[in-house]
Amino acid sequence: MHEDGNSDGHRVTGQVTPSGADQEFLALERELTVLLRRARANQGEMAREVHPDLESAAYGLLIRLDELGGQRATELAAYIGVGKATMSRQLRALEELGLVAREPDPADGRAWLVTVTDEGRGRVGKVREARRARYVSQLAHWDRREVAELARLLHQLNGVMEK
């Protein structure tokens, strides 16, 4: 095998397996699988840190609402990729925990916007700050440009995956 010059020994350029799969895409699939497995576990931990009764899947909703402000349930469902019934159930649970509230949409009196409550914003903020501190600690030996490049590439990947 011909390595691409990186010292990690995992990267191979232009190699095809007997099944016809490119090594680069097999490596990508393997690393994304590990990353996603760890992300799911971390999301569950972060959800419990926000509130012991918070479902793991609902944590992403809180992050989205915290970053963008009020959203319609249909917008949230489309973003997360779930149906209206699932979204309604998750939002109802978040409301019962006092983490989100519904208010009339000023652009359409028939619709409702879901917003994070002050309580929800405070809890999410503490968890996100702790998570950022963990990243800073774990990646302290990385060059800041590498961190920025990783963020850029993940953003680019997320954009492709969204389509």
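These exercises, with worked solutions, concern a predicted model.

**Exercise 1. Span of H1**

Task: Compare the span of helix H1 (residues 23-50) with the expected value, then place its buried residues.

Solution:
- Helix H1 has 28 residues.
- From first C-alpha to last, H1 reaches 40 Å.
- That is close to the 40 Å expected at 1.5 Å a residue.
- The buried residues of H1 include Leu-32, Gly-44, Met-46, Ala-47 and Val-50.
- The partners packed against the buried residues of H1 are helix H2 (56-68), helix H5 (118-138) and H6.

**Exercise 2. Strand pairing**

Task: Describe how strands S1 and S2 are joined.

Solution:
- Strand S1 covers residues 100-105, and strand S2 covers residues 108-116.
- The two run antiparallel, joined by six bridges.
- Val-100 has Val-116 in S2 as its bridge partner.
- The hairpin from S1 to S2 passes through two residues.

**Exercise 3. Salt bridges from H2 to H5**

Task: Find the salt bridges of Arg-121 and Arg-128, and classify each residue by accessibility.

Solution:
- Arg-121 meets Asp-66 in a salt bridge, at 3.6 Å from N to O.
- This pair links distant parts of the chain, with Arg-121 in helix H5 and Asp-66 in helix H2, 55 residues apart.
- Arg-121 has a relative accessible area of 38%, so it is partly exposed.
- Asp-66, at 26% relative accessibility, is also partly exposed.
- Arg-128 forms a salt bridge with Glu-67, and their closest N and O atoms are 2.6 Å apart.
- Here too distant parts of the chain are linked: Arg-128 lies in helix H5 and Glu-67 in helix H2, 61 residues apart.
- Arg-128 is buried because its relative accessible area is 14%, under the 20% cut-off.
- Glu-67 is exposed because its value is 51%, over the 50% cut-off.
- A network of salt bridges links Asp-66, Glu-67, Asp-118, Arg-121 and Arg-128.

**Exercise 4. A pair in the hairpin region**

Task: Classify the two residues of the Asp-108 and Arg-110 salt bridge.

Solution:
- The closest N and O atoms of Asp-108 and Arg-110 are 3.1 Å apart.
- Asp-108 has a relative accessible area of 16%, so it is buried.
- Arg-110 has 74%, so it is exposed.
- The salt bridge count comes to 14.

**Exercise 5. Nonpolar patch**

Task: Which residues form the nonpolar patch on the surface, and which helix gives the most to it?

Solution:
- The patch is formed by Leu-35, Trp-142, Val-147, Leu-150 and Leu-154.
- Together they have about 370 Å² of accessible area.
- Helix H6 (residues 144-162) gives the most, with three residues.
- Val-147 lies in helix H6.
- Val-147 counts as partly exposed because its relative accessibility is 31%.

Terms used
Residues are numbered from 1 along each chain as its sequence is written. This is a predicted model: local features need pLDDT of at least 70, side-chain atom pairs count only at pLDDT 80 or more; totals for chains, interfaces and linings use all residues. Side-chain values use heavy atoms; hydrogens and water are left out. Patches are made of residues with over 30% relative accessible area and no salt bridge: like charges are joined within 9 Å, nonpolar side chains (Val, Leu, Ile, Met, Phe, Trp, Tyr) within 5 Å. Accessible areas come from the Shrake-Rupley method with a 1.4 Å probe; for residues, only the protein chains shown count as cover. A salt bridge is a side-chain nitrogen of Lys or Arg within 4 Å of a carboxyl oxygen of Asp or Glu. Helices (H or I, at least four residues) and strands (E, at least two) are DSSP runs, numbered from the N terminus. Buried means under 20% relative accessible area, exposed over 50%, partly exposed in between (1.4 Å probe, protein chains only). Two strands pair if DSSP finds at least two bridges between them. The expected span of a helix is 1.5 Å times one less than its number of residues. Contact means heavy atoms within 4.5 Å.
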